[in-house]
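Biologist: Hi! Could you walk me through this one while we both have it open?
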Amino acid sequence: MRLIRHLLQAGYLEDWQYHKTLSGSPQGGVVSPILSNIYLDKLDTFVEQTLLPKYNRGETRRINPQYRLIYKRLYRRRKAGKLKEAKALAKQLRTLPQGDSTDPNYRRLRYMRYADDTLFGFAGPKAEAEEIKQQVKEFLQDTLKLELSEEKTLITHAKTEAARFLGYEIVAQQGNDQLDQHGKRCINGVIGLRVPIDVINARCRLYMKRNKPIHRPALLFESDYTIIDRYQAEYRGVVQYYLLAYNVCRLSKLHFTMERSLTRTLANKHKSTAKQMRNKYRSTIETPYGPMKCLKVTVERENGKKPLVAYFGGIPLRRQKEITLHDQTPRMFDGTRSELVKRLLADTCEMCGSKENIEVHHIRKLADLNIEGRPEKPAWVKRMAARRRKTLVVCQDCHDAIHAGRPTRQFSRTGHRRAT
């Protein structure tokens, strides 16, 4: 309880400005799911003990009368040897549902909740779906003193519309031409997860300007290893989240956009062209589905240390029907230090490119970089401000120059050192 109280009183950062938490929990706070699970446990109990028993009945749907009629005709035609007519009836049979969707003795209700996001799946008439919505609304108002948002609480038909839940579009699949090994339809009515097209377009726009991929100026002073690793981390996070979607292959558009942005960032840094950067780092990587093309950078290290390798791409855009969660023992250190560790492992001065006597320069806070009255910011200040980092990996000479107020050597994009 003390930990929860401290989390509620910790405040939050917005645009690097601290704000106090005057009431409630900040949007996206780590304590919000915990409080939601505690408070909405009564809703779970209400659904499990009241709604699910009431709206679940029947083993299977009764046969569609029209489907049964055509099937009998098909059987008689085949028995009589009229194969041409039987083939036409079989084709017509595939356009009809086998089960009767209006069967009053068959209902199914499914319930899923993640924190405060809730999804009901119901097989039945819309009138009964409205009843379920009204019962949930009354329970929230009377028991939990919560108000149901009418704007966000929608009833959608899964065959013609898509329900949004946790970033996915949830639909009922329909395809009379999708057959299994026995020649039977296999996806009709099966629930499918889909990557929303607007999500793909929104992710692509982060790397575009005027509808074209563009370089990222904030990364121009990073090493090639860091640039490729950053792009791969962003791409991998999106792809791995949507691997359950049957249209995950549509993320190839995001891969194309990010790859163009990546090569243009490298080209802008080295005063080269995107094609030359693509040819320089082009490689392949082995995957469970065979070799795949990717961009690869290798940083060799001395004293027998393993080289640092970063890839972009090489992730098969294949749907995974099942995802296995591997629970790991929590590590007792802050994962935000991993970027600094990678920069230290690179063993390279971020000002002049030297690999001798590498140290780390620290400042107390980012606000110290904006000192009033300073005529011009030194190169090391500009670099730290662009990265929004309080650390800078430098060699001993550059570190001494920073503390003495002297110009530091700077590693230009052409590869030559010059004083700044």
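Modeller: Happy to. One cut-off before we start: a residue is called exposed when its relative accessible area is over 50%, buried when that area is under 20%, and partly exposed in between. Also keep in mind that this is a predicted model.

Biologist: Good, let's use that straight away. Is K271 buried or exposed?
Modeller: K271 is exposed, because its relative accessible area is 64%, and the cut-off for that word is over 50%. K271 belongs to the loop between α9 (252–270) and α10 (274–281).

Biologist: What about the backbone there, what is phi of K271 near?
Modeller: Phi of K271 is near 55°, which is a positive value in a residue other than glycine. N357 is another case, with phi near 50°, again positive and again not a glycine.

Biologist: Where is N357 found, and is N357 buried or exposed?
Modeller: You'll find N357 in the loop between α11 (338–346) and β13 (358–362). N357 has a relative accessible area of 51%, so N357 is exposed.

Biologist: Changing topic to charges. How many salt bridges does the count come to?
Modeller: The count comes to 12 salt bridges. One of them joins the side chains of D100 and R62, at 2.7 Å from N to O. That pair links distant parts of the chain, 38 residues apart: D100 is in the loop between α5 (83–93) and β3 (108–114), and R62 is in the loop between α3 (41–54) and α4 (65–79).

Biologist: Which way do they fall, is D100 buried or exposed?
Modeller: D100 is buried, because its relative accessible area is 8%. R62 has 43%, so R62 is partly exposed.

Biologist: Nice. Which side chain does E150 meet in a salt bridge?
Modeller: The side chain of K137, with 3.1 Å between N and O. E150 sits in the loop between α6 (126–142) and β5 (163–165) while K137 is in helix α6, so this salt bridge ties together parts that are 13 residues apart in sequence. E150 is partly exposed at 40% relative accessible area, and K137 also counts as partly exposed, at 23%.

Biologist: And which residues are linked in a network of salt bridges?
Modeller: R164, E169, R194 and D198 are. Within that group, the side chains of D198 and R164 meet at 3.5 Å, N to O. D198 lies in helix α7 (residues 197–205) and R164 in strand β5, so the contact ties together parts 34 residues apart in sequence. D198 is partly exposed, with 43% relative accessibility; R164 is partly exposed too, with 46%.

Biologist: Let's go to the strands. In what sense do β10 and β11 pair?
Modeller: Strand β10 (residues 282–287) and strand β11 (residues 290–299) pair in the antiparallel sense, over 6 bridges. They form a hairpin with 2 residues between them. If you want a landmark, T284 stands opposite K293 in β11.

Biologist: What does β11 do with β12?
Modeller: β11 pairs with strand β12 (residues 308–313) in the antiparallel sense, over 6 bridges. V297 stands opposite A310 in β12.

Biologist: Anything general I should remember while looking at side chains there?
Modeller: In a regular strand, side chains alternate between the two faces of the sheet.

Biologist: Now the surface. Which residues form a positive patch?
Modeller: R68, K72, R73 and R76 form a positive surface patch. K72 lies in helix α4 and counts as partly exposed, because its relative accessibility is 45%.

Biologist: Which residues form a nonpolar patch on the surface?
Modeller: I34, L35 and I38 do, and together they have about 250 Å² of accessible area. I38 is part of helix α2 (residues 31–39). With 58% relative accessible area, I38 is exposed.

Biologist: Last one: where is G237 found, and how many Å apart are G237 and P288?
Modeller: G237 is in helix α8 (residues 224–241). From C-alpha to C-alpha, G237 and P288 are 19 Å apart in space, and they are 51 residues apart in sequence. G237 itself is partly exposed, with a relative accessible area of 43%.

Note on methods:
Residues numbered from 1 in each chain as written. Predicted model: local features only at pLDDT ≥ 70, side-chain atom pairs only at ≥ 80, totals over all residues. Heavy atoms only, no water. Salt bridge = Lys/Arg side-chain N within 4 Å of Asp/Glu carboxyl O. Helix = DSSP H or I, 4+ residues; strand = E, 2+ residues; numbered from the N terminus. Buried < 20%, exposed > 50% of the residue type's maximum accessible area, 1.4 Å probe, protein only. Pairing = 2+ DSSP bridges. Patch = residues over 30% accessible without salt bridge, like charges linked within 9 Å, V, L, I, M, F, W, Y side chains within 5 Å. Areas by Shrake-Rupley, 256 points an atom, 1.4 Å probe, with all protein chains shown as cover. Lys, Arg positive; Asp, Glu negative; His and termini not counted. Charge placed at Lys NZ, Arg CZ, Asp CG, Glu CD.
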